[in-house]
Amino acid sequence: MKLATLKNGARDGKLVVVSRDLTRFTDASFLAQTLQAALDDWQRIAPHLATLAESLETGSVPSSRFHEHDAHSPLPRAYQWADGSAYLNHVELVRKSRGSEMPANVETDPLMYQGGSDAFLAPRDPILLADEAWGADVEGEVAVIVDDVPMGATAKQARGAIRLVMLVNDVSLRGLAAAELAKGFGFFQSKPSSAFSPVAVTPDELGDAWDGAKLALPLHVDLNGKPLGRANAGEMHFDFGQLVAHAARTRPLAAGTVVGSGTVSNKLDGGHGKPVSAGGAGYSCLAELRMVEALESGGKAKTPLLRFGDTVRIEMKDAGGHSIFGAIEQTVEKYER
């Protein structure tokens with residue numbers, strides 16, 4: 001089933017079930033007012049939501065036209081947002097761009113940071129910047145929402161706790177990150193609010209593309225209407241079970257915790273990939289493209305980071321070319337206090 005949260009004036013919106021083709025929705029708030037409420041009582045509520053979803057497909061319940069612009073992120077806020085970095089090509093390129101070495105245990109111990117989860121952006125809300133010099137960047141990712149996960153859970157147990165899958169734009173401010181990380185205390189100002197896809201889906205909706213812990217489909221990332229990335233999200237070094245287990249090593253995770261994959265990134269013939277226009281899978285963020293440009297030109301990138309007026313779009317399509325989660329589409333705008 002596919003679930004969304006519609007804006008209704010309340011902080012956490014209203015839960016609805018969306019049709020598989022993303023054209024219609026039916027109200028689910030009589031079962032659970034919000035998605036978080038449904039997750040808090042998932043074992044009881046989920047079967048009723050699934051029944052409602054099937055009734056929507058057969059036309060046996062009232063429905064209305066689904067407009068992605070009316071949707072908030074599926075969870076407008078969450079108890080926790082933990083973002084991993086499961087694609088080592090991305091780790092290597094971004095660290096090179098900051099002049100940092102790869103961690104010695106990068107292949108055995110996932111990287112992860114805890115992001116701000118109190119105010120996610122809606123998928124069609126603007127990215128607000130006070131200053132272009134902050135160096136805003138798009139970061140296209142996949143994320144999962146989990147049920148309660150006990151402390152010390154195994155990767156297998158963690159895979160069994162995955163309830164929903166969605167897409168992310170983990171907005172990053174590259175101009176602030178290096179100085180912030182140099183303090184040795186992690187990201188904060190350089191990681192503003194993230195945006196998630198209009199719809200979150202249960203894993204069974206993904207068919208053979210979902211193996212229980214990875215989603216093997218290209219992630220479409222566009223900049224100003226042109227392809228930036230088509231990297232396959234299934235090429236994770238750490239799968240979602242491993243990422244969730246990593247997050248739960250020293251503490252339990254509450255139902256509704258969101259765990260991200262990190263920026264989707266693919267190598268090509270052992271190298272760091274090529275732009276889509278050159279026959280490669282491209283890049284899911286500008287930092288990767290800029291680093292490759294610098295390596296190829298002897299030190300200087302030609303592609304700028306995001307500027308006011310730029311529009312980014314993140315989407316994933318099934319084998320038939322149909323959008324699975326709807327699209328994140330955001331324009332960079334000047335923030336006026």
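**Close-up 1. Helix α7 spans residues 286-297 of this predicted model.** The helix has 12 residues. At 1.5 Å a residue, a span of 16 Å is expected, and the end C-alpha atoms do lie 16 Å apart, so the expected and modelled spans agree. Buried residues of α7 are L286, A287, E288 and L289, together with M291, V292, E293 and A294. An α-helix has 3.6 residues a turn, so residues three or four places apart point the same way. Just after α7 comes G298, with a positive phi of about 85°.

**Close-up 2. Strand β15 pairs with β18 and with β16.** β15 covers residues 219-223 and is mostly covered, with 4 of its 5 residues buried. Strand β18, residues 311-316, runs antiparallel to β15 and is joined to β15 by 5 bridges. Strand β16, residues 226-229, is also antiparallel to β15, through 3 bridges. L223 takes part in both pairings. Its bridge partner in β18 is V312. In β16, L223 stands opposite K226.

**Close-up 3. A hairpin links β15 to β16.** The hairpin leaves 2 residues between the strands. N224 sits in the turn and has a positive phi of about 50°.

**Close-up 4. G212 lies in the loop that leads from β14 to β15.** β14 comprises residues 200-201. G212 has 24% relative accessibility and therefore counts as partly exposed; the buried class ends at 20%. Leaving aside residues up to four places away in sequence, G212 touches R159 and I162. G234 is 22 residues from G212 along the chain, and their C-alpha atoms are separated by 11 Å.

**Close-up 5. The largest pocket holds about 690 Å³ of space.** Its lining has 32 residues, of which Y113, D170, L181, F187 and K191 are the closest to the centre. Four elements each supply at least two lining residues: β6 (81-84), α3 (88-98), β7 (112-115) and α5 (174-182). The largest share comes from α3, with 5 residues. By class, the lining divides into 11 nonpolar, 12 polar and 9 charged residues.

Conventions
Residues numbered from 1 in each chain as written. Predicted model: local features only at pLDDT ≥ 70, side-chain atom pairs only at ≥ 80, totals over all residues. Heavy atoms only, no water. Buried < 20%, exposed > 50% of the residue type's maximum accessible area, 1.4 Å probe, protein only. Pairing = 2+ DSSP bridges. 1 Å grid on protein atoms, 1.4 Å probe; cavity = no way out; pocket = protein on both sides within 12 Å on 5 of 7 lines; lining within 4 Å. Points joined across faces, edges and corners; volume = space filled by probe spheres on them. Nonpolar A, V, L, I, M, F, W, Y, C, P; charged D, E, K, R; others polar. Expected span 1.5 Å × (residues − 1). Contact = heavy atoms within 4.5 Å.
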